[in-house]
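Student: Could you pick one part of this model and take me through it closely? I would like to know where it sits and what surrounds it, and then how the rest of the chain is arranged.

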Amino acid sequence: MHVFFKDRLTNEEVDVEAILAKIESKIPQHLYSEIEMIIVGWFEEFEERSINAFYDSGTIYVSNIQDDNADMYDDIVHELAHALEEVYGYSIYADEKVKDEFLRKRKHLHDILWNHGFKAPLAFFTEVEFDQEFDDFLYKTVGYDKLSALLQGVFLSAYAATSLREYFATGFTEYYLDPNHGFFKKVSPSLYAKIYQLQNPDELDNY
Ligand SMILES: [Zn+2]
């Protein structure tokens, strides 16, 4: 992985070399071999989509505005997950186990929100792709803090409920963020099993 700086990091404490070394020590090589480049800087897409990193054809674009090393590590590992969806999409999604688990959780979330007065049709919760209207419902109508509190024990984080892809990416990031996998395994067993399976290159179909 080569790092290029389009813009200088605003925080001098952030050490990109140390972050890369951490990635290389924690993540099996076959899971980041598709990444040719990491470009650090500020990109229009960040503003347009309210994000601070994205992946596009072999390159991770990550914000030059970072709180600390942990913040940037989190961003890069998250985008790595999206890169893997492209390379190993078949291995990740074809058996539909992660999708089924995600949809069960969405149904559960629907019921919890309904009981708390946020009454939205169930059909709203069965779309696995990102949907702006649903996103607004979660983050604006319900609100991030309330949502985070209500979905505890159902989803690992509020962001995981956004779409199937974010369910996968947040789980992947969690796996390499917290060495204690007990809670993850309990909350999202199918997703956990899938990420565990990714550790072994022999189990992967390269699509
Ligand atoms: Zn994402």
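Tutor: Contact means heavy atoms within 4.5 Å. Leaving aside neighbours within four places in sequence, Ser188 then has three residues in contact: Glu101, Lys105 and Tyr167. The model is a predicted one, and Ser188 is a convenient place to start. Ser188 is found in the loop between helix 8 (182-187) and helix 9 (189-198). Is Ser188 buried or exposed? Its relative accessible area is 0%, and buried means under 20%, so Ser188 counts as buried.

Helix 9 leads to the next point. Lys194 lies in helix 9, and its partner Asp95 lies in the loop between helix 4 and helix 5, 99 residues away along the chain. The side chains of Lys194 and Asp95 meet in a salt bridge, with 2.9 Å from N to O. This pair links distant parts of the chain. The two ends are not equally accessible: Lys194 is buried at 4% relative accessibility, whereas Asp95 is partly exposed at 37%. The value for Lys194 falls under the 20% limit, and the value for Asp95 lies between 20% and 50%, which is why they are classed apart.

Glu96 also belongs to the loop between helix 4 (89-93) and helix 5 (97-115). Glu96 is partly exposed, with a relative accessible area of 37%. Its backbone deserves a look, as phi of Glu96 is near 65°, a positive value in a residue other than glycine. Another such case is Ser57, with phi near 30°. Ser57 sits in the loop between strand 3 (53-56) and strand 4 (59-63). With 57% relative accessibility, Ser57 passes the 50% cut-off and therefore counts as exposed.

On the other side of helix 5 is Phe118, in the loop between helix 5 and helix 6 (132-150). Phe118 is buried, with a relative accessible area of 16%. Leaving out neighbours within four places in sequence, its contacts are Leu113, Phe137, Thr141, Val142 and Lys146. Phe118 and Tyr90 are 28 residues apart along the chain, and 35 Å separates their C-alpha atoms.

Helix 6 contains a salt bridge of its own kind of spacing. Asp136 and Lys140 are about one helical turn apart, because they are four residues apart in helix 6. The closest N and O atoms of this salt bridge are 3.5 Å apart. Asp136 is partly exposed at 26% relative accessible area, while Lys140 is exposed at 64%. A further salt bridge joins Lys6 and Asp7, with closest N and O atoms 3.1 Å apart. Lys6 is partly exposed at 44%, and Asp7 is partly exposed at 25%. In total, six salt bridges are counted.

Now the wider arrangement. The chain is divided into domain 1 (2-87) and domain 2 (92-203). Taken over C-alpha atoms, the centres of domain 1 and domain 2 are 23 Å apart. The contact between them takes 14 residues from domain 1 and 16 residues from domain 2. The size of an interface is often given as the accessible area lost when the parts come together. Domain 1 and domain 2 bury about 1400 Å² between them, and 67% of that is on carbon and sulfur atoms. On the domain 1 side, His30, His78 and Glu85 supply 35% of the area buried against domain 2, more than any other three residues.

Which residue does Glu85 pair with in a salt bridge? The partner is Arg165, and the closest N and O atoms of the two are 3.2 Å apart. Between domain 1 and domain 2 the count is one salt bridge, along with six residue pairs in polar contact. Helix 3 (residues 69-87) gives the largest share of the side of domain 1 that touches domain 2, namely nine residues. By residue class, that side of domain 1 divides into eight nonpolar, three polar and three charged residues.

To return to the starting point, Ser188 is a buried residue in the loop between helix 8 and helix 9.

Key: Residues are numbered from 1 along each chain as its sequence is written. This is a predicted model: local features need pLDDT of at least 70, side-chain atom pairs count only at pLDDT 80 or more; totals for chains, interfaces and linings use all residues. Side-chain values use heavy atoms; hydrogens and water are left out. Domain bounds come from an automatic or database domain assignment. Buried area is the accessible area (1.4 Å probe) that two parts lose on being put together, summed over both. A salt bridge is a side-chain nitrogen of Lys or Arg within 4 Å of a carboxyl oxygen of Asp or Glu. A polar contact is a pair of N or O atoms within 3.5 Å; within protein, one must be able to donate a hydrogen and the other to accept it, and residues adjacent in sequence count only if both atoms are side-chain atoms. Helices (H or I, at least four residues) and strands (E, at least two) are DSSP runs, numbered from the N terminus. Ala, Val, Leu, Ile, Met, Phe, Trp, Tyr, Cys and Pro count as nonpolar, Asp, Glu, Lys and Arg as charged, and the others, Gly among them, as polar. Buried means under 20% relative accessible area, exposed over 50%, partly exposed in between (1.4 Å probe, protein chains only).
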